[in-house]
Amino acid sequence: MSHLVRLIGRRLISLPIMILGAALLVFVIMSFSPTDPARRALGPSASPKALDIYREANGLNDPLLQRYFSFVAGWFRGDLGTTSGNVPVTEVVAHAFPITLQLTFLGLLIAIVISAVLGVLAALFRDGWADQVIRVFSIAALATPSFWLAILMIQWLGEVPGGWGIFPALVSRWVPLTEDPATYVRNIALPALALGIPVAGSLIRVVRTAMVEELDRDYVRTAIGAGVPYPIVVGRNVLRNALITPVTVLGLRVGYLMGGAVVIEIIFNIQAMGQLILDGVTRNDVFLVQGVTLVVAIAFIVVNIVVDVLYVLINPRIRSI
């Protein structure tokens, strides 16, 4: 327990440092954008005097380091600037980010369920026909880009000519789960599957390898020799010990899921963070792209801290240190 408390303390101390680093990286990259924020805000017909007044009022003439600290101070106040449509970036992100989180979470849940079931089955029946089939599936899923799988699912299962018409090809309007559960499931099913299956392909191999290594350890043979039923040994000991490696790998896959969610949202016309980034790049909206990118980066940092804590919780050897 003491190790867990120390780990959480270290992560909480390093969290502001990592956030400031992410903010610095995003700010510096976007500072090299050729777009003039003053011209974007006032329009192409604005006079030079009006542009100078706007730049001076908003600190655009300040040195880069001073503008960075002003940006960070504004972020801590919840101010990420305004979009080209004069809407606060915080407001549009607050609407879009929960949708991206839901899609990422469901994609992650699908990947965990598929990889856990198939990885354990492949290890229990290693070198058998079930193991061979699961290996082929994992390789095929791993080699399939999520955006290409999304297009295939739209053609096969979507409401398009020649498709089965089970799910909508495009999400015309996002419906919350509490408002209409059936419509919500139909809208998010294909995007979540397209996002989760490729990640499941890589995790299946990790789960299988971890399970095989645990099944070959001496304590398994000792427990079985002592008369402990095989399912109990697998369920209580082998499975728990084998989860340690997949959990560490899972933290890296979350970043892939969040990045993939941005692309999947655009394909299915989901009005979330991906659409915001696309709109920001298309309209040269520096503040919008800057705010969305920073929020996604911070979410990735927080998720990896949570994964580190989970690693300690499921690993008794670490907790005992």
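For the helix pairs below, I take axes as lines fitted to C-alpha atoms over the stretch in contact, with angles running from 0 to 180 degrees between N-to-C directions. The model I consulted is a predicted one.

**Entry 1: α8 and α10**

I looked up how α8 and helix α10 (residues 230-242) are placed, and found that their axes come within 9 Å and cross at roughly 125°. I therefore recorded α8 as oblique to α10, since the angle lies neither in the 65 to 115 range of roughly perpendicular pairs nor over 145, where roughly antiparallel begins. I noted the hand of the α8 and α10 crossing as right-handed.

I then listed the residues that meet. From α8 I have Ala210, Met211, Glu214 and Leu215, and from α10 I have Tyr230, Val234, Val238, Leu239, Asn241 and Ala242. Sorted by class, the contact of α8 with α10 holds eight nonpolar residues, one polar and one charged.

**Entry 2: α5 and α11**

I next turned to helix α5 (residues 89-124) and helix α11 (residues 244-267), whose axes come within 9 Å and cross at roughly 125°. I therefore entered α5 and α11 as oblique to each other. The crossing in which α5 passes α11 is right-handed.

On the α5 side I found Thr100, Leu103, Thr104, Gly107, Leu108 and Ile112 making the contact, and on the α11 side Leu250, Val254, Leu257, Met258, Ala261, Ile264 and Glu265. My tally by class for α5 with α11 is nine nonpolar, three polar and one charged.

**Entry 3: valine 160**

I located valine 160 in the loop between α7 (146-157) and α8 (181-215). Is valine 160 buried, exposed or partly exposed? Its relative accessibility is 27%, so I counted valine 160 as partly exposed, that class lying between the cut-offs of 20% and 50%.

Setting aside residues up to four places away in sequence, I found valine 160 touching Ile154, Gln155 and Ala169. I also checked valine 160 against leucine 170, which is 10 residues away along the chain; their C-alpha atoms are separated by 9.8 Å.

**Entry 4: serine 70**

I placed serine 70 in helix α4 (residues 64-76). I read a relative accessible area of 43% for serine 70 and therefore classed this residue as partly exposed. From C-alpha to C-alpha, I found serine 70 to be 8.5 Å from glycine 59, with their positions 11 residues apart in sequence as the separation.

Technical notes. Residues are numbered from 1 along each chain as its sequence is written. This is a predicted model: local features need pLDDT of at least 70, side-chain atom pairs count only at pLDDT 80 or more; totals for chains, interfaces and linings use all residues. Side-chain values use heavy atoms; hydrogens and water are left out. Helices (H or I, at least four residues) and strands (E, at least two) are DSSP runs, numbered from the N terminus. Angles under 35 degrees count as roughly parallel, over 145 as roughly antiparallel, 65 to 115 as roughly perpendicular and the rest as oblique. A crossing is left-handed if the near helix is turned anticlockwise from the far one by less than a right angle, and right-handed if clockwise. Contact means heavy atoms within 4.5 Å. Ala, Val, Leu, Ile, Met, Phe, Trp, Tyr, Cys and Pro count as nonpolar, Asp, Glu, Lys and Arg as charged, and the others, Gly among them, as polar. Buried means under 20% relative accessible area, exposed over 50%, partly exposed in between (1.4 Å probe, protein chains only).
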